[in-house]
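Here is the note I promised on the model, arranged as numbered points. Please keep the structure open beside it while reading.

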Amino acid sequence: MGQYDTFVTDVLVIGAGLAGERAAIESARNGLNVILLSLVPPRRSHSSAAQGGMQAALGNTAMGKGDSPDVHFLDTVKGSDWGCEQDVARLFAETAPIVMREMAHWGVPWSRVTTEPRIYDGKEIHEDPQKVGLIAARNFGGTAKWRTCYTSDGTGHTVLYTMDSMVQKYGITVHDRVEALSLIHDGETCYGAVVRSLRTGELSVYTAKSTVIATGGYGRLYGASTNAVINEGSGMSIAMDTGVVPLGNMEAVQFHPTGIVPSWILITEGARGDGGYLLDKNLYRFMPDYEPNKKELASRDVVSRRMMQHIRAGFGVDSPYGQHLWLDIRHLGAKHINTNLREIATICREFNGIDPVHELIPVRPTQHYSMGGIRTNIHGQAYGLKNLYALGESACWDLHGFNRLGGNSLAETVVAGKIIGEKIAEFTKDVSLNVSTSLVEEHLHLQQGRIDRLRSQKSGKENVYDLRNRMENTLSHNVGIFRTEGPLQEAVDELRELYERSQSIGLRGSGAGADPELGLALRLPGMIKLALSIAKGALVRQESRGSHFREDFPKRDDVNWLKRTLAYWPESAKEPDLKYEPVTITELPPGDRGYGEATATSKSAPTK
Ligand SMILES: Cc1cc2nc3c(=O)[nH]c(=O)nc-3n(C[C@H](O)[C@H](O)[C@H](O)COP(=O)(O)OP(=O)(O)OC[C@H]3O[C@@H](n4cnc5c(N)ncnc54)[C@H](O)[C@@H]3O)c2cc1C
């Protein structure tokens, strides 16, 4: 093996979005050396694209009056369709207000309660004069109170920029434009990662007492996703590659009701939270027929299903990009739209050439969020390997179960960052880094060997882009919002075949330096492993829960399925091995969510 750079640190954090940065800050505050890795400059992480806001029970606004962590906890458990860990949900709901206020102190310019009255759903709302100037909150799906704290509709942007300034304040080392390719481990303990430079293509080694995965979601496994192009789930797949770390509930995939057609960029739930409606081809507001209580603001899984059900019933609007529905925010008025919803107004103008102050927005449910991920305990410790942690969207902590509430993910990143960051600091102090050079070189050789084989043009003839397209199409068509046995079985068969073929990729280019084709060729087998875990998990789970809706098993089945899927990929296996574990129920026994009765139909929608 030739020369390669080696970096040694106490804590290696892979991923510099909100989750990674918040955990890194907590470790650094406790006196540990931290290195943060990222594919892109940290402020370009997907967290910065978040629009609508983050939930915390502050109860400052008139419509949030009476809110408390208890109510937030109840909403989260119902939202999850009883799939979440209730001890995690309780810890989260209690800590969120503290973290929100802490971030105000750090400089997040939260939108504040004002004296100005507002018309909402036909009612005039007046704020308590005593509360003017406190952190405001907007309405979001599946919540009993207005609880989502925000800065206009650019919340992720302001919070991530603030967080990144804190990273600099603490002098945390950041290495960006690098990609972790594999974890260094001996089957029992994790010692760091093998990393490829996205500038030179060179490999280097990072060894650490504690390794933290905070690499975000896998949205880009699907053809149509609101996610950034870098969200390919590589942190999850390198954890799965170890053979001993399981992924939890991979079949739980969230579709957001309002991706804009045809670029699939997100139009925030805040648009409906602030009073926007969904209309069909007859400009009829159909959601109150299906969901009389929560209307457009039932939880995301429910609204997405209702929209697709309505399209299937013949009420979709034809377009060259398939059928869609309309989002109408015109009645909110120019002032509100150009302040509180200004990012989405810009997206409408720049990408679709429409002005949402006067025109309707074409929308369709679009892949948005991964509830599944690296399974950890409540302290963020990954199952299967010592000294490995995960948090944020790449993890299955498991706060969200089978459906995450809007505003709970951004909040999770910073709440988990604080809580798990403290645990990492506490546990890392007792670890002495003891890793043999031969183990490090073995892992480095493995990755260098993959690169050399691909570059030698002898590994096969498969076109990496074709395989990727087929994977995307398979997931989009067969493992979407509505699922049934036949198409799911086809997806599993197809993905098994694609996985085999991904072992024989032939590069079209030379693979020299930072070549992106080589990068994708290195990642794709791992991406297909995730895709297969999603499809197989969905095929085997014969019930409907949250975002996982089986048309052939439309009811939730707590007798047989009140459990979490754990997908392992044993060494040299050709598909994941599924195991199950019980869900922790500490306070709220399974019951009715209060919305989204799976089999209800629209009674009063007009005929075609
Ligand atoms: C358009 C959009 C809007 C959203 N709006 C909201 C909202 O309003 N409210 C809400 O609660 N949630 C929202 N979400 C969800 C929420 O933003 C994300 O779940 C959350 O920000 C994820 O944060 P994270 O830190 O886990 O990951 P990310 O922010 O995705 O960061 C991942 C990091 O990992 C790095 N990385 C990835 N792979 C590797 C690798 N192999 N090696 C090295 N580095 C790697 C990346 O460079 C990046 O720094 C939204 C999501 C999207 C897509």
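1. In which loop is the place of L283? L283 is in the loop between β13 and α7 (287–290), and this residue has a positive phi of about 55° although it is not a glycine. The names of elements used throughout follow DSSP runs, numbered from the N terminus, with helices being H or I runs of at least four residues and strands being E runs of at least two.

2. On the basis of the note: this is a predicted model, in which local features need pLDDT of at least 70 and side-chain atom pairs count only at pLDDT 80 or more, whereas totals for chains, interfaces and linings use all residues. Residues are numbered from 1 along each chain as its sequence is written, and side-chain values use heavy atoms, with hydrogens and water left out.

3. The surroundings of the ligand come next. There are 38 residues around the ligand, and those that come nearest are S45, H46, S47, E393 and S409; a residue counts as near if one of its heavy atoms lies within 4 Å of the molecule. By class, this shell holds 15 nonpolar, 20 polar and three charged residues, where Ala, Val, Leu, Ile, Met, Phe, Trp, Tyr, Cys and Pro count as nonpolar, Asp, Glu, Lys and Arg as charged, and the others, Gly among them, as polar.

4. Several polar contacts to the ligand can be located, a polar contact being a pair of N or O atoms within 3.5 Å; within protein, one must be able to donate a hydrogen and the other to accept it, and residues adjacent in sequence count only if both atoms are side-chain atoms. An N or O atom in the side chain of S409 is 2.6 Å from an oxygen atom of the ligand, a backbone N or O atom of A180 lies 2.9 Å from a nitrogen atom of the ligand, and a polar backbone atom of G17 is 3.4 Å from an oxygen atom of the ligand. Taken alone the ligand exposes 1000 Å², of which the protein buries 98%; accessible areas come from the Shrake-Rupley method with a 1.4 Å probe, and for residues only the protein chains shown count as cover.

5. Which elements give two or more residues to the shell around the ligand? They are α1 (18–29), β2 (34–38), β8 (178–185), β15 (361–370) and α11 (408–428), and the largest share, four residues, comes from α11. Helix α11 also holds T428, which counts as buried because its relative accessibility is 0%; buried means under 20% relative accessible area, exposed over 50%, and partly exposed in between, with a 1.4 Å probe and protein chains only. A polar atom of the T428 side chain lies 2.5 Å from the backbone oxygen of I424.

6. Strand β10 (residues 203–213) has 10 of its 11 residues buried, so it is largely enclosed by the rest of the structure. Strands pair if DSSP finds at least two bridges between them. Strand β1 (residues 5–14) runs parallel to β10 and is joined to it by nine bridges, with A208 in β10 as the bridge partner of T9. Three bridges join β10 to strand β17 (residues 388–390), again in parallel, and there T211 stands opposite L388.

7. Strand β9 (residues 190–197) pairs with β10 in the antiparallel sense over five bridges, and V195 stands opposite S204 in β10. The two strands form a hairpin with five residues between them, and in its turn G201 has a positive phi of about 85°.

8. A separate point concerns an open sheet of four strands in the order β12-β15-β14-β13, with antiparallel pairing. Because β12 (253–260) and β13 (277–279) stand at the edges, each with a single partner strand, one side of each is left without a neighbour in the sheet. Six bridges pair β12 with β15, and Y369 in β15 is the bridge partner of Q254.

9. Two backbone details in loops deserve a look. The peptide bond from V261 to P262 is cis, with omega near 5°, and P262 is in the loop between β12 and α6 (270–273). D121 has a positive phi of about 50° although it is not a glycine; D121 is in the loop between β4 (118–120) and β5 (123–125), and it is partly exposed, with a relative accessible area of 43%.
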